[in-house]
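Hi,

Here is the structure I said I would pass on. Have a look at it first, and then read my notes below.

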Amino acid sequence: MALLNWVRGRVFNLVHQNNLVYNTCWEDPRLDRVALDLEPHHNVMVITSAGCNALDYALAGANHVYAVDMNPRQNALLDLKKAAIRELEYEDFFAMFGTGRLTNFRQVYEHKLRQALPEWSQSYWNRKIRYFRPRKNRSFYFRGTSGSFARAMNIYVDRVLRLRPLVLELLDAKSIDEQKELYEQIHTRLWTKSLKFAMSRDTTWSLVGVPRAQREYLEQHYENGIVDFVQENMRAVFAELPIHDNYFWRVYVTGEYTQSCCPEYLKPENFQRLKDDVIHRVSTHTDSVEHFLRKHDGTPIHRLVLLDHMDWLTGSLYPYLVSEWQAILDTSREHGARVLWRSGGMDTQFVNEVPVVVDGQKRQVGEMLQYNDEVADQLHPKDRVHTYGAFRIADLAA
């Protein structure tokens, strides 16, 4: 088992080392806006991912959003979005990040964007700006590790199953009943033995950035493992929730957004707001959550959004989970901060059991949290992404 876990770890590191993992965020900010309950003085720390939600929180009225990620490529992506907001007109901006293709990408980058980037981000995009090259069936959203997986799935759907017409019809469905009817046709043809086999492999889930701990939990709690979990959640997304504004899955299965189905930062009515003022409220920081909080200048952090980050810090990385929560409590408890997180599993008891020291006394994290389960339980079923088993909202006890 130890050897198997070592091999799995090596595969995961091989896939993600030196790569842009996420080219779009996979957490629904519509839920977060309600859960965060932002006021004009609130400062937010969020794990950057692709930066979509950092921009969303700023648009929602946060005083400042600190986007923190250990992968500098994720911050480079948000830096590029910020530069494009400042330097481009809306049409070119949407071409880049809405359709994932820009006709004169090289000229635009060299003449307008390069000098607006921080040094590391500039060096990264000097090599990778070709991701926005206009190529048939290869938008920016089919780049990076998770984007490469999306492209592979689309090739399978198009060339092997020949389901593209049905998929596009489903995305444009006008009612839940129409969605259900179309999804049943797709479901019957989609879940072949070969796809079920691929979905049960570690390498497959490494491509989309799902840590082993999440997969192990799902394998233990579903009769047919993670395949059952995926099928259940795909049914919810495509047959039970309205699909018309589900930009997460639209970009995943088409490689692009539309102006009516896209993140808030890409909507034309928000572009000028971002350019005039809002974009200056977002900053990027390449660091761990713990180190960022320890080195922070003392400005209060009122809201912390940890994504599914804590699922990663289990097993051999557990000491980092302990030190991270210690830093959160040491730096944010006096401000009555609120913490949001998601988990691949339904049970997040492992968070409550993390040992910390508070006022010189040994405690557990769960003793220091005041959960808002009522709001979380109302919001979670409405999640348009629908790939997480749990959604948690908790205030730090004073």
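What follows is a walk through the salt bridges, the cysteines, the open and closed spaces, and a couple of smaller items.

One thing to keep in mind from the start: this is a predicted model.

**Salt bridges**

Let's begin with the charged pairs. Side chains of opposite charge can pair when their charged atoms come close. In this structure there are 17 salt bridges.

A good place to start is D245, which pairs with R30; their closest N and O atoms are 2.4 Å apart. This pair links distant parts of the chain, with D245 in the loop between α14 (226-240) and α15 and R30 in helix α2 (residues 29-36), 215 residues apart. D245 is buried, at 18% relative accessible area, while R30 is partly exposed at 43%.

D245 has another partner too. Its side chain meets that of R384 in a salt bridge, at 3.9 Å from N to O. Again the two sit in distant parts of the chain: D245 is in the loop between α14 and α15, R384 is in the loop between α21 (373-379) and β9 (390-396), and 139 residues separate them. R384 counts as buried, with a relative accessibility of 7%. Add D28 and you have the whole group: D28, R30, D245 and R384 are linked in a network of salt bridges.

Elsewhere, R101 forms a salt bridge with E256, and here the closest N and O atoms are 3.0 Å apart. R101 lies in the loop between α5 (90-97) and α6 (105-113) and E256 in the loop between α15 and α16 (268-276), so this pair ties together parts that are 155 residues apart in sequence. E256 is partly exposed, at 29% relative accessible area. Hold on to R101, as the name comes back below.

**Cysteines**

How many disulfides does the count come to? It comes to zero. As a reminder, a disulfide is a covalent bond between the sulfur atoms of two cysteines. The cut-off used here is 2.5 Å between the sulfur atoms. C25 is in no disulfide, and the nearest cysteine sulfur, in C52, is 3.9 Å away. C25 itself is buried, with a relative accessible area of 3%.

C262 is another cysteine to look at. Its sulfur is 7.3 Å from the closest cysteine sulfur, which belongs to C261, and that is too far for a bond. C262 is buried, also with a relative accessible area of 3%.

**The second largest pocket**

Next, an open space. The second largest pocket has a volume of about 250 Å³. Its lining is made up of R101, N137, F142, R151, N154, I155, D158, R159, R164, V253 and T254. So R101 from the salt bridge with E256 is also one of the lining residues.

Which helix gives the most to this lining? That is α8, with five residues. Both α8 (144-160) and α15 (247-254) supply at least two residues each. Sorted by class, the lining has five charged, three polar and three nonpolar residues.

**The closed space**

The count of cavities of 30 Å³ or more comes to one. About 60 Å³ of space lies in this largest cavity. Around it you will find N23, T24, W26, Y141, F142, S146, G147, A150, V251 and Y252. The elements that give two or more residues to this lining are α8 and α15, and α8 has the largest share, with three residues. By class, the cavity lining divides into six nonpolar and four polar residues, with no charged ones.

If you want to see the two spaces together, try F142: it is in the lining of the second largest pocket and in that of the largest cavity.

**Two more things**

Helix α4 (residues 72-87) is 16 residues long and reaches 22 Å from its first C-alpha to its last, close to the 22 Å expected for it. Most of α4 is covered, with 14 of its 16 residues buried.

Finally, take a look at A398, in the segment after β9. Is A398 buried or exposed? At 89% relative accessibility, A398 counts as exposed. Its C-alpha is 6.0 Å from that of E334, although the two residues are 64 apart in sequence.

Over to you!

Technical notes
Residues numbered from 1 in each chain as written. Predicted model: local features only at pLDDT ≥ 70, side-chain atom pairs only at ≥ 80, totals over all residues. Heavy atoms only, no water. Helix = DSSP H or I, 4+ residues; strand = E, 2+ residues; numbered from the N terminus. Expected span 1.5 Å × (residues − 1). Buried < 20%, exposed > 50% of the residue type's maximum accessible area, 1.4 Å probe, protein only. 1 Å grid on protein atoms, 1.4 Å probe; cavity = no way out; pocket = protein on both sides within 12 Å on 5 of 7 lines; lining within 4 Å. Points joined across faces, edges and corners; volume = space filled by probe spheres on them. Nonpolar A, V, L, I, M, F, W, Y, C, P; charged D, E, K, R; others polar. Salt bridge = Lys/Arg side-chain N within 4 Å of Asp/Glu carboxyl O.
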